[in-house]
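Dear colleague,

I am handing over the structure below, and after it I set out what was found there. Please read the notes with the coordinates open beside you.

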Amino acid sequence: MSEAARAIPDTVWEGREEIEVVTFDIAGEVFALQAAAVQEILDLLPETTVPGARAFVGSVINFRGKVIPLADIRLAFGMEATQPTIDSRIIVIELEIDGEPTLTGIRTDKVHEVTTLSRTAGEPPPSVGMRWRPDFIDCLVKRGSDFIIVPNLQAIFSANHAQRQTGSSTT
Amino acid sequence: MSFPDPIAVFRTEAAELLEQIEGGLLDLNVDLGNKDQIDAVFRGLHTLKGSGAMFGFDALAAFTHHCETAFDRVRKGEVPATQALVSAVLEAMDHMRTLVETPAGDHDAVSEALLAKLRSAVVMASGAPLATTTTSAPPVTCYTVRFSLPQNAMANGTNPLGLLDELRELGDCRVIADRSAIPTLDALEPTDLYLSWTVELETEEPRSAIDDVFIFVMDEMQLEVSKARPSIEQPKDPDQQESAAGEPLQPAFAATRAVSAATPALVDAKAAKAAENVRVPAERLDELMDRVGELVIAQSRLSQLAGGSGDLQLRAVSEDVERLSGELRDTMMVLRMVPVAQLFGRFRRLVHDLAHETGKSIELVTEGETTEVDKSVIERLADPMVHLVRNSCDHGLEPADERIAAGKPQAGRIFLSARQQAGEVIITIKDDGRGINKERVRAKAEASGLIAANQSLTDQELYQLIFQPGFSTAQEVTNLSGRGVGMDVVKRTIDALRGAINVISRPGEGSEISLAIPLTLAIIDGLLVRVGTGRYVIPLSAVEECLELSVEEDMRSRGRSFISLRDSLVPFIRLRDLFRTGTAPDPFQKVVVISTGAERVGLVVDQIIGDHQTVIKSMSKLHHDVGTFSGATILGDGDVALILDVGHLVAEGQQQEAHLRAAG
């Protein structure tokens with residue numbers, strides 16, 4: 001009981017039985033992000049590389065007159081970057097970074113739909129047998145024979161943030 | 001947008017009032033007899049008391065009341081203004097600030113101590129025991145006071161009951177309300193005021209006391225004061241009555257009449273004047289600035305499209321939009337500008353206090369207060385300037401005896417000036433003290449390992465060392481300079497504002513620190529360059545010159561990265577290498593020479609595209625670790641270009657130079 005409660009933080013469900021999410025593909029897996037956090041889904045835009053920035057947030061884009069970073073979650077998980085396809089999209093979400101709400105674009109391979117996930121189908125991430133880092137995942141939600149991954153963006157972004165800050169002093 | 005919190009509104013208002021009062025007090029300190037300033041201070045205190053009580057700041061109201069009372073006596077000429085009194089009130093004002101910020105805390109002890117000080121200052125000032133002034137009780141006079149307030153008076157925060165209460169404090173009153181103007185119920189506006197009053201007042205106070213009751217509503221109201229027949233219970237000396245009823249009252253009465261006749265016009269003019277100034281939250285201005293920024297971007301896209309098409313009508317429209325958006329941008333800039341006087345004003349108090357603390361006599365001279373700067377720049381300049389002024393007062397100015405020995409006037413001088421110069425505002429903090437001790441700075445820098453022993457440095461380079469973090473000429477630290485920001489924070493703030501610091505010092509004559517700050521933070525003129533496939537903006541204010549990097553020079557400079565520029569060696573950075581572009585260099589590379597203060601660095605780029613109106617967008621926190629860029633901007637075609645951080649690149653170039661020098 002306490003194990004499960006720890007593993008599925010209530011930040012996902014916030015006491016609700018169901019949440020609305022946007023599902024999308026990255027590297028052959030289906031991910032989901034809360035629909036409420038998603039600002040917009042964009043076709044690929046011209047990117048501007050930021051020399052010297054971490055590969056994970058290696059570029060910026062022009063989102064309606066604002067300059068926002070573009071993140072590639074793949075790289076946060078230590079996977080290879082891939083070439084964009086005709087289905088590639090950018091999901092723009094608002095994220096809290098160092099206590100400041102920050103608009104960020106996330107590169108995806110394909111965006112599916114807005115759907116509803118129910119809490120009862122949720123499971124904590126298994127500690128073994130995954131190719132993703134377990135602490136970057138809030139929970140897995142079973143649908144049909146597949147799982148949908150709800151990533152913990154807060155952990156992903158802050159981990160990469162901290163890692164760089166300690167790493168930069170040595171370079 | 002949500003309605004502003006009334007408490008927050010009061011705090012802003014109180015801060016402004018306190019600033020005004022402080023200004024008045026400091027002026028008064030110089031010119032003790034100045035009646036206008038005394039009145040201004042009194043009015044400020046009174047308003048502060050009133051609005052404090054209205055918003056529930058009771059401790060503040062009660063405390064301010066005592067100061068007001070003290071000043072009231074000064075105003076009436078019972079007590080002359082003295083420096084001790086002004087100082088006491090100045091100290092009390094600091095306490096008022098605390099009371100405004102933390103009304104809930106336990107301030108009684110402090111309040112009591114300050115009030116005791118104030119009282120003794122008043123007693124000292126009056127010079128004689130107060131009891132003597134009340135030996136003869138003034139005669140009782142009977143006045144008929146008729147007054148009516150404008151219909152919207154209550155909506156504007158005037159409380160007629162308060163006025164009546166104040167009249168009652170003057171003496172026995174009989175109040176008659178005139179209800180004739182009250183409309184029928186269906187036409188009645190509950191927040192409007194329909195009553196007027198007639199008050200029969202018996203008082204020992206002079207007639208001016210009645211005027212004082214209405215001092216804050218005087219401009220908008222109708223007031224008639226006449227001497228009435230004394231009531232039967234209190235027969236009066238006939239002589240006195242006659243003289244009082246005759247000459248002196250008549251002109252005053254006539255004047256009141258004239259005012260009341262002219263009232264409607266006056267009210268209109270006043271209302272129009274009030275409408276000329278609108279208080280707008282800064283964030284709305286920022287939002288508007290963002291919109292204007294986006295418009296400028298959209299407009300440059302439009303001109304590109306129009307320029308590429310042969311459609312003459314489209315071109316005409318595009319040119320119109322270009323002109324309009326340019327004007328809009330200029331107007332927007334002006335909206336955000338405030339005069340530097342606001343900033344300089346704070347230093348009068350600081351210098352006054354510092355003079356007391358150090359026991360030196362210090363004179364503050366300011367110049368160019370009307371120079372206007374972006375509001376956010378002013379706010380961010382305050383802290384570094386406080387530190388610089390403290391430094392000048394504490395370290396720069398010598399004690400009086402030393403000054404006299406050196407043949408200088410006894411009073412030290414701090415000179416603040418502001419002026420505009422080509423897109424920048426230059427703020428100078430100058431003193432006529434002993435100047436910066438170069439030997440000591442060098443010794444300190446060598447001891448802390450900032451520079452190598454006997455390393456040759458120009459004076460400017462040496463002075464810049466005092467802005468290094470952790471640099472402090474320790475033997476001089478006093479309670480004054482140990483506080484607040486350090487010189488490295490000054491440097492950091494100025495860097496963040498994309499400004500530059502320049503230091504001039506002459507031993508025995510004083511030192512001068514100039515801060516060159518861009519006029520605005522939102523839009524700059526930039527030089528657009530291409531490096532590899534990426535485009536970047538270099539702030540034009542930092543660009544000294546552009547030149548071609550000839551093939552020979554390029555070949556020759558391999559490995560040492562210096563170019564000779566009019567007999568001086570300038571280190572340069574190949575941006576292609578720094579940015580790892582991985583493309584082949586253009587055959588004719590260019591060098592853009594940039595500078596901060598006296599330090600220069602060349603940047604090697606592939607192509608210079610041209611100048612570009614740059615709307616600065618800040619980078620997100622995810623990119624704060626990338627020091628090379630200070631922000632980003634959006635180009636006419638919608639692409640993002642990064643803005644180079646000049647300070648960072650110059651520092652990098654200088655480091656590279658130092659490295660090579662050490663190696664070679």
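In strand β17 of chain B, B:Val592 is the bridge partner of B:Cys546; please bear in mind throughout that this is a predicted model. The two strands concerned, β14(B) and β17(B), the latter covering residues 589-596, run antiparallel to each other and are joined over 6 bridges. They belong to an open sheet of 5 strands in chain B, whose order is β14-β17-β18-β16-β15 and whose pairing is mixed. At its edges stand β14 (543-549) and β15 (562-565) of chain B, each of which pairs on one side only, and from one strand to the next the twist averages 35 degrees.

The loop that lies between α19 (575-578) and β17 of chain B contains B:Arg580, a residue other than glycine whose phi is nonetheless positive, near 50 degrees. B:Arg580 counts as exposed, because it has 10 C-beta neighbours inside 10 Å, and 12 or fewer is the cut-off for that class. Chain A offers a second case, since A:Ala27 is not a glycine either and has a positive phi of about 50 degrees. A:Ala27 is found in the loop between β1 (18-26) and β2 (29-34) of chain A, and with 15 other C-beta atoms within 10 Å it is partly exposed.

Another strand of chain B that deserves your attention is β9 (residues 424-431), which has a covered face formed by B:Val425, B:Ile427, B:Ile429 and B:Asp431, while B:Glu424, B:Ile426, B:Thr428 and B:Lys430 make up the uncovered one. Strand β8 (residues 412-421) of chain B pairs with β9(B) in the antiparallel sense over 8 bridges, and strand β11 (residues 510-518) of chain B also pairs with β9(B) in the antiparallel sense, over 7 bridges. B:Glu424 takes part in both pairings, for it stands opposite B:Gln421 and has B:Pro518 as its bridge partner in β11(B).

Turning to the helices, how do α12 and α13 of chain B lie with respect to each other? The axes of α12(B) (residues 341-358) and α13(B) (residues 375-396) come within 10 Å and cross at roughly 30 degrees; angles under 35 degrees count as roughly parallel, and the two helices are therefore roughly parallel to each other. Their crossing is right-handed. On the α12(B) side the contact includes B:Leu343, B:Phe347, B:Leu350 and B:Leu354, and these are part of a set that meets α13(B) residues including B:Ile378, B:Leu381, B:Val386 and B:Val389. The residues of this contact divide into 11 nonpolar, 2 polar and 3 charged.

As for chain B as a whole, it has 20 helices and 21 strands, and buried residues make up 31% of its 664 residues. Of the contacts in chain B with a separation of 6 or more, 70% are between residues 24 or more positions apart.

Finally, there is the interface, where 24 residues of chain A are in contact with 23 residues of chain B. On the side of chain A that touches chain B, at least two residues each are supplied by β4 (48-49), β5 (59-63), β6 (66-71), β8 (100-108) and α4 (153-168) of chain A. The residues of that side divide into 11 nonpolar, 9 polar and 4 charged.

With best regards

Conventions:
Residues are numbered from 1 along each chain as its sequence is written. Chains are lettered from A and ligands numbered from 1 in the order in which they are written. This is a predicted model: local features need pLDDT of at least 70, side-chain atom pairs count only at pLDDT 80 or more; totals for chains, interfaces and linings use all residues. Axes are lines fitted to C-alpha atoms, for helices over the stretch in contact, and angles run from 0 to 180 degrees between N-to-C directions. Helices (H or I, at least four residues) and strands (E, at least two) are DSSP runs, numbered from the N terminus. Angles under 35 degrees count as roughly parallel, over 145 as roughly antiparallel, 65 to 115 as roughly perpendicular and the rest as oblique. A crossing is left-handed if the near helix is turned anticlockwise from the far one by less than a right angle, and right-handed if clockwise. Two residues are in contact if their C-beta atoms, placed from the backbone, lie within 7 Å. Ala, Val, Leu, Ile, Met, Phe, Trp, Tyr, Cys and Pro count as nonpolar, Asp, Glu, Lys and Arg as charged, and the others, Gly among them, as polar. A residue is buried if 20 or more other C-beta atoms lie within 10 Å of its own, exposed if 12 or fewer, and partly exposed in between; C-beta atoms are placed from the backbone. Two strands pair if DSSP finds at least two bridges between them.
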